[in-house]
Amino acid sequence: MRVVFVGPPGAGKGTQAENIVAEYKLFHLSTGDALRAAVAAKSPIGIEAEKYMSSGALVPDEVVVGVVVERLDEAKDGCLLDGFPRTIAQAEALDKVLAEKNAPLDVVLELAVPEDELFKRLASRGRADDQPEVIKRRLVAYREQTEPLVGYYTKAGILRKIDGLGTVEEIYGRIKAVLDEYK
Ligand code: B4P
């Protein structure tokens, strides 16, 4: 099963991903985690990525696509791509790589949460990029660059919308009901 997780910053992708990969035995690739690890290691990619992440902007496509392509070979028995793709260009690059492997995506989960709730969640988390001004820029980046993916994957017939309001357990139940159709 190859699954993509799309949703605004703070929607709970990372939170839900933990349960999903444990239950469905999927390789978990979070570009946010991978980029934060690169920043912590002060690698060339990390030094480049930090400039964008700290301001709330998306990291350039060529940097992120490189990070993902390098690791997709580890995903032989299925994967959960968490926070990737985030632009149409990333989605097209992913389609191309997966077509070469004859391993297309099965389903794209859109985790939908209203903006006022996102602010509350991110403010209480308090990560370096969770300052109010940075959150605002991340939400604009989501609306302008990532939300078009909803249309892209709806057209492809693989988008499923999940209500992201409620307890972590309630939301996981909704996700599980969808993923069980693809087992
Ligand atoms: P990510 O690491 O992907 O983070 P995120 O979108 O902020 O969070 P997520 O949705 O995973 O929320 P979480 O579960 O943590 O991205 C960070 C940055 O990396 C981006 O801004 C960008 O710069 C860069 N980046 C990453 N991928 C990229 C790409 N493909 N292209 C370019 N740039 C890229 O939950 C948030 C909080 O809510 C937590 O505190 C959690 O405990 C809480 N929460 C979760 N579920 C809840 C619930 N049901 N009720 C109440 N609180 C809940």
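**Ligand contacts**

I began with Thr15, where a polar side-chain atom lies 2.7 Å from an oxygen atom of the ligand. The model is predicted, and I read every entry here with that in mind. For Lys13 I found a polar side-chain atom 2.8 Å from a ligand oxygen. At Gly10 I looked to the backbone instead, and there an N or O atom lies 3.4 Å from an oxygen atom of the ligand.

I then asked how much of the ligand the protein covers. On its own the ligand has 1000 Å² of accessible area, and the protein covers 86% of that. I also checked the pockets, and the largest pocket is the space taken by the ligand.

**The shell around the ligand**

Next I listed which elements give two or more residues to the shell, and I got helix H1 (13–24), helix H2 (31–40), helix H6 (115–125) and helix H9 (168–179). Which of the elements gives the most? I noted H2, with four residues.

I counted 30 residues surrounding the ligand. The closest are Lys13, Thr15, Thr31, Arg125 and Arg138. By class, I have the shell as twelve nonpolar, ten polar and eight charged residues.

**Backbone oddities**

I looked for unusual backbone geometry after this. Most residues other than glycine have a negative phi, and most peptide bonds are trans.

Lys25 is not a glycine, yet I read a positive phi of about 55° for it. I placed Lys25 in the loop between H1 and strand E2 (27–30). Is Lys25 buried or exposed? Its relative accessible area is 63%, which is over the 50% cut-off, so I entered Lys25 as exposed.

Lys42 also has a positive phi of about 55° without being a glycine. I found Lys42 in the loop between H2 and helix H3 (44–53). Its relative accessibility is 64%, so I entered Lys42 as exposed.

For the peptide bonds, I noted a cis bond joining Phe84 and Pro85, with omega about 0°. I located Pro85 in the loop between strand E3 (79–82) and helix H5 (88–100).

**Glu147 and Pro85**

I went from Pro85 to Glu147, and the two are 62 residues apart in sequence. In space I have Glu147 and Pro85 at 11 Å, C-alpha to C-alpha. Where is Glu147 found? I traced Glu147 to the loop between helix H7 (132–146) and helix H8 (148–155). Glu147 has a relative accessible area of 37%, so I wrote it down as partly exposed; that class runs between the 20% and 50% cut-offs.

**Two positions within helices**

I picked Ala141 in helix H7. Its relative accessibility is 7%, under the 20% cut-off, and therefore I counted Ala141 as buried. I also checked Ala141 against Arg36, which is 105 residues away along the chain, and their C-alpha atoms are separated by 18 Å.

I then turned to Gly66, which I found in helix H4 (residues 61–71). I entered Gly66 as partly exposed because its relative accessible area is 31%. Between Gly66 and Ile45 I have 21 residues in sequence and 9.8 Å in space, C-alpha to C-alpha.

Terms used:
Residues are numbered from 1 along each chain as its sequence is written. This is a predicted model: local features need pLDDT of at least 70, side-chain atom pairs count only at pLDDT 80 or more; totals for chains, interfaces and linings use all residues. Side-chain values use heavy atoms; hydrogens and water are left out. A residue is near a molecule or strand if one of its heavy atoms lies within 4 Å of it. A polar contact is a pair of N or O atoms within 3.5 Å; within protein, one must be able to donate a hydrogen and the other to accept it, and residues adjacent in sequence count only if both atoms are side-chain atoms. Accessible areas come from the Shrake-Rupley method with a 1.4 Å probe; for residues, only the protein chains shown count as cover. On a 1 Å grid over the protein atoms alone, a cavity is a set of points where a 1.4 Å probe fits but cannot get out, and a pocket is an open set with protein on both sides within 12 Å along at least five of seven lines; lining residues have an atom within 4 Å of a point. A molecule sits in a cavity or pocket if more than half of its atoms lie within 2 Å of its grid points. Ala, Val, Leu, Ile, Met, Phe, Trp, Tyr, Cys and Pro count as nonpolar, Asp, Glu, Lys and Arg as charged, and the others, Gly among them, as polar. Buried means under 20% relative accessible area, exposed over 50%, partly exposed in between (1.4 Å probe, protein chains only).
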